[in-house]
Amino acid sequence: MKGYSARDLRIVQYCNFTCMLQAYVISVLDCIFKEPKAYCNVFDHSVLLCSFLRFVPAGYVQAQLAYVEAQGELKVPFNDALPTREEQLSTLRNTEEFDVLVVGGGATGSGCALDAVTRNLKTALVERSDFSSGTSSRSTKLIHGGVRYLQKAIMKLDYEQYMMVKEALHERANLLNIAPHLSAPLPIMLPVYKWWQLPYYWAGIKMYDLVAGSQCLKSSYVLSKSKALELFPMLKKDKLVGAIVYYDGQHNDSRMNLAIALTAARHGAAIANYTEVVHLLKKPDPKTGQVKVCGAHCRDIITGQEFDVRAKCVINATGPFTDSLRKMDNQKTPNICQPSAGVHIVIPGYYSPDNMGLLDPATSDGRVIFFLPWEKMTIAGTTDTPTVVTAHPIPLEDDINFILSEVRHYLSPDVEVRRGDVLAAWSGIRPLVTDPNSKDTQSICRNHVVNISDSGLITIAGGKWTTYRSMAEETLDAAIKAHNLSAGPSRTVGLMLDGGKDWTPTLYIRLVQDYGLENEVAQHLAATYGGRAFEVAKMAQVTGKRWPIVGKRLVSEFPYIESEVQYAVKEYACTAIDVIARRTRLGFLNVQAADEALPLIVEIMGKELQWTEQKKKEELEGAKKFLHLEMGYKARSEQLSKTTEISLTAQEIARYKKRFYKFDKESKGFITTVDVQQVLEKLSIQIDENALHEILNEVDLNKNGQVELDEFLQLMSAVQRGQISDSRLAILMKTVEEGLDLRRPVSVDRSGGGV
């Protein structure tokens with residue numbers, strides 16, 4: 001093996017030995033599916049062998065060798081600075097012919113572009129919206145093999161599903177290796193409430209470890225009732241027998257998608273968001289005379305300019321919109337995708353431990369619900385219902401209430417799960433591959449298909465987030481063969497994604513020491529940008545305070561800072577929605593906080609992109625509409641009218657509503673510190689912003705940064721009953737109301753605030 005040292009050869013030999021053992025274990029599983037009767041005889045032996053393999057770091061060694069091979073000969077022409085979007089569009093317009101044109105900038109499309117460009121193919125990618133604007137940013141945030149798919153594989157002896165899980169577990173290990181800043185292992189608890197379920201679920205989870213083999217993240221284990229409650233104190237105690245904990249990966253999905261796309265761009269791929277395909281270009285094959293796809297006629301949505309992008313091969317990686325592009329090729333082609341909607345909700349972080357998820361394997365209607373900590377909040381989901389394909393899916397109230405209902409079944413009665421605690425909600429459309437024999441979307445296999453049309457259009461459809469890389473590899477293999485492209489094998493196993501190469505677990509400390517950032521902000525930047533975090537820190541503005549020295553926050557509750565908006569433009573962010581939804585995750589975490597940050601975000605982007613005042617207004621309105629419809633703002637505001645029983649007379653309610661709406665000028669159903677400050681300014685009253693936050697925080701029971709009408713009425717009801725006295729907010733609002741009625745200033749000391 002020329003070029004390898006003696007140490008490398010020993011590593012390879014060691015790796016081969018462990019791989020042989022792993023192959024034996026997997027062959028046992030293969031035997032199970034081919035000879036079902038052998039299951040009982042080999043199960044115990046397989047589990048023991050799996051336990052041995054866990055101590056063999058073959059996966060790690062393989063990843064290191066793959067990394068060395070992947071990085072060794074690849075050139076990275078744009079390692080320091082990315083081409084601007086205008087430069088990328090110029091490349092798309094002026095290149096005579098690309099080898100590969102990928103349509104779709106989700107995880108799969110970006111993965112195809114990265115796979116192609118690292119095989120030294122001249123690569124282009126166009127996306128009609130933003131990178132990861134669709135399904136890829138609306139996932140459960142898990143990198144997983146699929147516990148429920150393995151269960152179906154075993155129960156139904158479905159070899160296809162088994163192989164899908166096996167592949168996904170391999171890809172899980174690779175993704176955790178190539179993007180360590182964006183991903184990490186996450187323990188997930190499966191609570192058990194019946195004794196017979198304990199060995200049943202344990203066997204299934206151990207099988208999950210077994211299929212992972214040497215790439216098992218950490219060994220699963222059983223917990224007693226007391227230990228389970230110690231680790232997850234919010235859990236319902238009644239009838240709890242114990243729990244099983246297993247490990248999967250978790251990631252920041254839209255940032256991961258963006259990292260894949262940016263890595264492709266740094267290696268030389270011409271990529272452009274907000275560039276839609278108007279129609280496909282075709283020409284007759286000079287040898288056969290058959291009409292072949294040879295590119296696409298595109299439109300820059302931002303400028304309206306149209307141009308042709310010619311390519312030897314066109315890859316359709318448009319997710320739920322797969323059939324739309326296929327019909328551009330051939331109107332008569334049958335649909336191959338059956339879309340399914342999955343709704344998730346975000347609730348405050350105190351609903352779950354900081355580093356422990358929860359799995360409900362059997363909900364009231366048979367669906368699986370995850371309950372996971374993410375970005376210091378808690379995600380709950382998902383649903384699985386048939387839907388129509390749309391670019392703007394909206395979370396429905398029924399789905400939100402279904403998730404809340406299921407969550408209540410597993411949490412202690414001491415934890416009141418309220419509709420008002422939902423800080424954000426979203427719906428994502430899964431591009432499931434249609435199975436003509438299935439009766440419902442739950443039974444559709446999540447595997448993928450690669451299809452080549454008569455005109456040469458390559459379509460990759462189905463699959464899931466975790467397997468994006470292997471899907472891309474298979475797609476490019478098919479494209480190279482079908483179009484006789486000159487390229488070698490895939491080199492993306494072990495290829496570090498943007499920001500991952502220079503990341504370390506202690507990188508954030510350097511950010512604190514070198515730039516004077518807050519500890520929380522530094523941790524956030526390191527976990528979001530990896531080694532590129534220093535570029536963001538360099539752009540951060542001086543605060544003028546003793547500490548932090550730099551880094552002005554967009555909103556006080558979250559660690560996002562103003563320089564991230566500037567950096568987002570360098571990452572091809574074109575709209576305010578791109579920033580609140582995908583460059584930062586503010587819109588996915590708290591719609592009210594995102595709404596509060598929007599004016600500042602639009603102002604910063606306006607300077608960077610030279611927006612007119614009219615453009616700024618349009619961006620603000622568009623982003624508010626996005627939050628209102630797609631992030632659950634509408635569903636939340638409509639729910640505010642359904643207040644709990646309040647012991648006030650109709651006359652008192654009318655009086656307090658009148659007082660409330662003096663602050664809530666837009667009739668949103670809630671007030672924030674911004675609303676209160678605007679009213680106080682009219683009366684020349686000044687209250688420190690931090691003090692004002694504290695005043696509202698006393699009444700903001702769900703800690704979502706706002707006071708809703710029902711919370712205010714409950715407050716006034718409690719004041720009336722004598723249960724609460726000296727409420728600063730109640731006194732402040734009453735005093736201001738009197739001041740507005742009298743049209744004269746009111747002194748600060750009468751307000752009870754800021755004192």
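Modeller: Before we start, a contact here means heavy atoms within 4.5 Å. Keep in mind that this is a predicted model.

Biologist: Okay, then which residues does V102 touch, leaving out those up to four places away in sequence?

Modeller: V102 belongs to the largest nonpolar core, among the residues there that touch the most other members. Leaving out residues up to four places away in sequence, its partners are G109, C112, A113, A124, L125, V126, I315 and A317.

Biologist: And which element gives that core its largest share?

Modeller: The core has 46 residues, with V100, M256, I271, Y468 and L497 also among those touching the most other members. Elements giving two or more residues include strand 1 (98-103), helix 5 (107-117), helix 10 (253-266) and strand 10 (306-316). The largest share is eight residues, and that comes from helix 10.

Biologist: Is there another core, and which residues does it include?

Modeller: Yep, a second one, separate from the first, with 39 residues. In soluble globular proteins, nonpolar side chains tend to be buried together. Members of this second core include F558, V579, I580 and F670.

Biologist: Let's zoom out: what percentage of the protein chain's residues count as buried?

Modeller: The chain has 28 helices and 20 strands. It exposes about 32,600 Å², with carbon and sulfur atoms supplying 52% of that. Out of 755 residues, the buried portion is 58%.

Biologist: For contacts with a separation of 6 or more, what share comes from residues 24 or more positions apart?

Modeller: That's a count over the protein chain, taking just the contacts with a separation of 6 or more. Residues 24 or more positions apart account for 73%.

Biologist: Now S455: buried or exposed?

Modeller: S455 sits in the loop between strand 17 (448-452) and strand 18. The cut-off for buried is under 20% relative accessible area. S455 comes in at 7%, so the call is buried.

Biologist: Which residue's side chain makes a polar contact with the side chain of S455?

Modeller: S455 touches K282, V291, K292, V293 and D329, not counting residues up to four places away in sequence. The side chain-to-side chain polar contact is at 2.5 Å, and the partner is D329.

Biologist: Last one, on cysteines: how many disulfides are there?

Modeller: A disulfide is a covalent bond between the sulfur atoms of two cysteines. To count here, the two sulfur atoms must be within 2.5 Å. C216 is buried at 13% relative accessible area, and C294 is buried too, at 6%. By the sulfur-distance rule, the number of disulfides is zero.

Conventions: Residues numbered from 1 in each chain as written. Predicted model: local features only at pLDDT ≥ 70, side-chain atom pairs only at ≥ 80, totals over all residues. Heavy atoms only, no water. Buried < 20%, exposed > 50% of the residue type's maximum accessible area, 1.4 Å probe, protein only. Helix = DSSP H or I, 4+ residues; strand = E, 2+ residues; numbered from the N terminus. Areas by Shrake-Rupley, 256 points an atom, 1.4 Å probe, with all protein chains shown as cover. Core = buried A, V, L, I, M, F, W, Y, C linked by side-chain atoms within 4.5 Å. Polar contact = N/O pair within 3.5 Å; in protein donor to acceptor, adjacent residues only side chain to side chain.
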